[in-house]
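Here are my notes after a first pass through this one. Have the viewer open while you read.

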Amino acid sequence: MSSKHLVGIIMGSSSDSKIMHGAAKVLDDFGVSHEDQIVSAHRTPTRLEQYAKYAEKNSFRVIIAGAGGSAHLPGMIAAHTIIPVIGVPIMVYNDRSEKKSESFKFSAFGGMDSLLSIVEMPNGSPVATVGINKAANAGLYAIKILANEFPQLKSKLKKFKQKQHVSVVDESDQMKKSGLVKFVQKKFKTA
Ligand code: RP5
């Protein structure tokens, strides 16, 4: 596979990094090279435009863009480039100050604000959108796109699906054997 970065991961703030790291982790697990940066649509609008050009120059195949609040980043990046953009709506944010009270650590609309602003891109500038905080799914979806070009990713994805299958069947066997009450006690360490 290419040693160059295939995926660009960007986020609106360092406070998004805890969520966005889920995408990076999946890409690392599949051996897909990615480059990670902070690009803010409202604090660094000119940098956003530069980043889109940079991504095209570097032949990124996919851009994963995460943002919270009104979340313009994924849509604005999509407006500036023909590279497919996967948007990650982020709920938990605003944790720059440790002293902030709990109620200030979450976006007012619980992530629905970001979800709707990313998923509701008007016709002509699409952004594929994953669920709120589901950065790992963005990573997986990027791999599915890349698998069209890199056949080794196809077989890795098939193995990944097979592993999921086996783990569900294993848990089902345990449940069948012990019964639901004991299964829950063991799995969730309840009394
Ligand atoms: C958005 O505003 C970012 O994506 C982040 O989710 C949110 C809050 O940013 P900070 O105030 O934590 O920098 O642009």
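1. Start with the crossing of α2 and α3, which is right-handed. Keep in mind that this is a predicted model. Helix α2 covers residues 45-57 and helix α3 covers residues 73-80. Their axes come within 9 Å and cross at roughly 55°. That angle falls in neither the parallel, the antiparallel nor the perpendicular range, so α2 and α3 count as oblique to each other.

2. Which residues make that contact? From α2 you get Leu48, Glu49, Tyr51, Ala52 and Glu56, and across from them in α3 sit Leu73, Met76, Ile77 and His80. By class, the contact of α2 with α3 splits into six nonpolar residues, one polar and two charged.

3. Now the sheet. Five strands make it up, it is open, and the order reads β2-β1-β3-β4-β5 with parallel pairing. At the edges are β2 (34-38) and β5 (128-129), each of which pairs on one side only.

4. Have a look at the β3/β4 pair if you want a place to check the register. Strand β3 spans residues 62-68 and strand β4 spans residues 85-90; the two run parallel and are joined by six bridges. Within this pairing, Ala65 is opposite Gly87 in β4.

5. What do the helices do relative to the sheet? Helix α3, already met in its contact with α2, lies across β1 (7-11), β3 and β4, and its direction is at about 145° to β3. Helix α4 (residues 112-119) also packs on the sheet, where it touches β3, β4 and β5. The direction of α4 makes about 160° with that of β4.

6. Zooming out, how many helices and strands are there? The protein has seven helices and five strands. Along the sequence they follow the pattern β-α-β-α-β-α-β-α-β-α-α-α, so if you step through the chain you meet strands and helices in turn until the pattern closes on a run of helices.

7. On domains: the assignment for this protein gives domain 1 as 7-149 and domain 2 as 153-188. Taken over C-alpha atoms, the centres of domain 1 and domain 2 are 31 Å apart. Eight residues from domain 1 and five residues from domain 2 take part in the contact.

8. Last, for setting up a box of your own: along the principal axes, the C-alpha atoms of the protein fill roughly 60 × 50 × 30 Å.

Note on methods
Residues numbered from 1 in each chain as written. Predicted model: local features only at pLDDT ≥ 70, side-chain atom pairs only at ≥ 80, totals over all residues. Heavy atoms only, no water. Axes fitted to C-alpha atoms, helices over the stretch in contact; angles between N-to-C directions. Helix = DSSP H or I, 4+ residues; strand = E, 2+ residues; numbered from the N terminus. Parallel < 35°, antiparallel > 145°, perpendicular 65-115°, else oblique. Left-handed = near helix turned anticlockwise from the far one by under 90°. Contact = heavy atoms within 4.5 Å. Nonpolar A, V, L, I, M, F, W, Y, C, P; charged D, E, K, R; others polar. Pairing = 2+ DSSP bridges. Domains from an automatic or database assignment.
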